[in-house]
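Here is a friendly walk through a protein model, from its sheet to its ligand site and its cores. Keep the structure open beside you as you read.

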Amino acid sequence: MKRIVTIQDVSCFGKCSVTVALPIISAMGIECAIMPTSILSTHTGGFEGFTFRDLSDDIPKIAEHWKKYNISFDTIYTGYLGSVKQIDYTIDFINSFKKRDTLVFVDPAMADKGKMYTGFDLSFPSHMARLCALADIIVPNITEASFLTNTPYTENYDEEHIKSLLKKLTDLGAKKAVITGIAFEKATQGAYFYDSEAKEYYYYKAENIERNFHGTGDTFASVFAGAITKGFTIKHALEIAVNFTVECIKATLPEADEHKYGVKFEECIPSLIEKIK
Ligand code: PXL
């Protein structure tokens, strides 16, 4: 059985990070270990007064214990990290646990819609860029891609702009990059992929649903990381992840107002299992 370790926070309510990654990766038939970096009462988007317990100093201790048991991972998947210190410990973790065949998958979750998430300043992306440099694949949205590459954020982009962003992202050191949430027209939205070694681009799009839900980036990243870990080609994994994310958004729409936090990925898990058969 394949094994992923996901390094990110535990947001106790609100369906993102570990509460999305763990059920999705498990449903895909992959063992999922977690390295919890902090515990928050909720995620930081749209809630006032959330609690934040910093677990940074537990990261090296947990890692050291795992080392004693020679525990290894097929994939190291990192998500939201709450501080520069957590990024530094995550870099140490990768340097210590990465073997020849380990996939390092980085979701630089830190910003959306042109703005950094609550709690991050504008120096944070340069630190996240150091983590991205170690990755086999990174999956920023367009805001994160812009901050990581010091490119002005725009919602009026064309294909050339996205391709140039992807090239700059891989110039940071990541071998492959995907930018999520790319819509060149109203009706469709998708993810744009670039492989810097093969010099190959690939855009996969599906229906664009003009309604934003929190946690869709984590849903996409978990399925994409899981599918690559299972051995699907990147293109196929991208299609599975985009299609599944759209399905989750559609499942959430009928009760969108009551279901403010996260998407109803739970109802779509049977369909995910079908997709990876
Ligand atoms: O979904 C990304 C995410 C993860 N964890 C926390 C967040 C967010 C996005 O806002 O606040 C704590």
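Two strands count as paired if DSSP finds at least two bridges between them. With that in mind, please remember that this is a predicted model, and let us begin with one hairpin. Strands E10 and E11 form a hairpin with four residues between the strands, and Lys199 there takes a positive phi near 55 degrees. E10 and E11 pair in the antiparallel sense, over eight bridges, and Tyr192 stands opposite Tyr203 in E11.

**The sheet**

This hairpin belongs to a wider arrangement. The strands E3-E2-E1-E4-E5-E8-E9-E10-E11, in that order, make an open sheet of nine strands with mixed pairing. E3 (52-54) and E11 stand at the edges with a single partner strand each, so one side of each has no neighbour in the sheet. In general, the strands of a sheet pair through backbone hydrogen bonds, in either a parallel or an antiparallel way.

Strand E1 (residues 3-13) is a good place to look next. Why is E1 described as largely enclosed by the rest of the structure? Eight of its eleven residues are buried, so the rest of the structure largely encloses E1. On one hand, E1 pairs in the parallel sense with E2 (residues 31-42) over nine bridges. Along that pairing, Arg3 stands opposite Glu31 and Ser11 stands opposite Leu40. E1 also pairs in the parallel sense with E4 (residues 75-78), over four bridges, and here Ile4 stands opposite Thr75. Together with helix H1, strands E1 and E2 make a right-handed β-α-β unit.

Helix H1 holds Ala21, which is buried with a relative accessible area of 0%. Leaving out residues up to four places away in sequence, Ala21 touches Thr6, Gln8, Tyr77 and Ser222. Ala21 and Gly215 are 194 residues apart in sequence, yet their C-alpha atoms are 10 Å apart in space.

**The ligand site**

Ser11 and Leu40, met above as an opposite pair, are among the residues around the ligand. The others there are Asp9, Cys16, Ser17, His43, Thr44, Tyr80, Tyr117, His214 and Asp218. Three side chains have an N or O atom at these distances from a ligand atom:

| Side chain | Ligand atom | Distance |
|---|---|---|
| Asp9 | nitrogen | 2.9 Å |
| His214 | oxygen | 3.1 Å |
| Asp218 | oxygen | 2.7 Å |

**The nonpolar cores**

Nonpolar side chains tend to be buried together in soluble globular proteins. Here, the largest nonpolar core has 47 residues, and those touching the most other members are Phe105, Ile137, Val178, Phe220, Phe224 and Leu238. Elements that each supply at least two residues of this core include strands E5 (103-106), E10 (188-195) and E11 (200-207), and helices H1 (18-27), H7 (216-230), H8 (234-252) and H9 (269-275). Which element gives the largest share of this core? That is H8, with eleven residues.

Val178 shows how the packing looks from a single residue. Beyond its neighbours within four places in sequence, Val178 is in contact with Ile137, Ile138, Val139, Pro140, Leu166, Ala191, Tyr192, Phe193, Phe220, Phe224 and Leu238. Tyr192 in that list is the residue opposite Tyr203 in the pairing with E11.

A second, separate core has 44 residues, among them Tyr80, Phe120, Ala135 and Tyr157. Tyr80 also appears around the ligand.

Methods. Residues are numbered from 1 along each chain as its sequence is written. This is a predicted model: local features need pLDDT of at least 70, side-chain atom pairs count only at pLDDT 80 or more; totals for chains, interfaces and linings use all residues. Side-chain values use heavy atoms; hydrogens and water are left out. A nonpolar core is a set of buried Ala, Val, Leu, Ile, Met, Phe, Trp, Tyr and Cys residues joined through side-chain atoms within 4.5 Å. Buried means under 20% relative accessible area, exposed over 50%, partly exposed in between (1.4 Å probe, protein chains only). Contact means heavy atoms within 4.5 Å. A crossover is right-handed if, with the strands pointing away from the viewer, the path from the first strand over the helix to the second runs clockwise. A residue is near a molecule or strand if one of its heavy atoms lies within 4 Å of it. A polar contact is a pair of N or O atoms within 3.5 Å; within protein, one must be able to donate a hydrogen and the other to accept it, and residues adjacent in sequence count only if both atoms are side-chain atoms.
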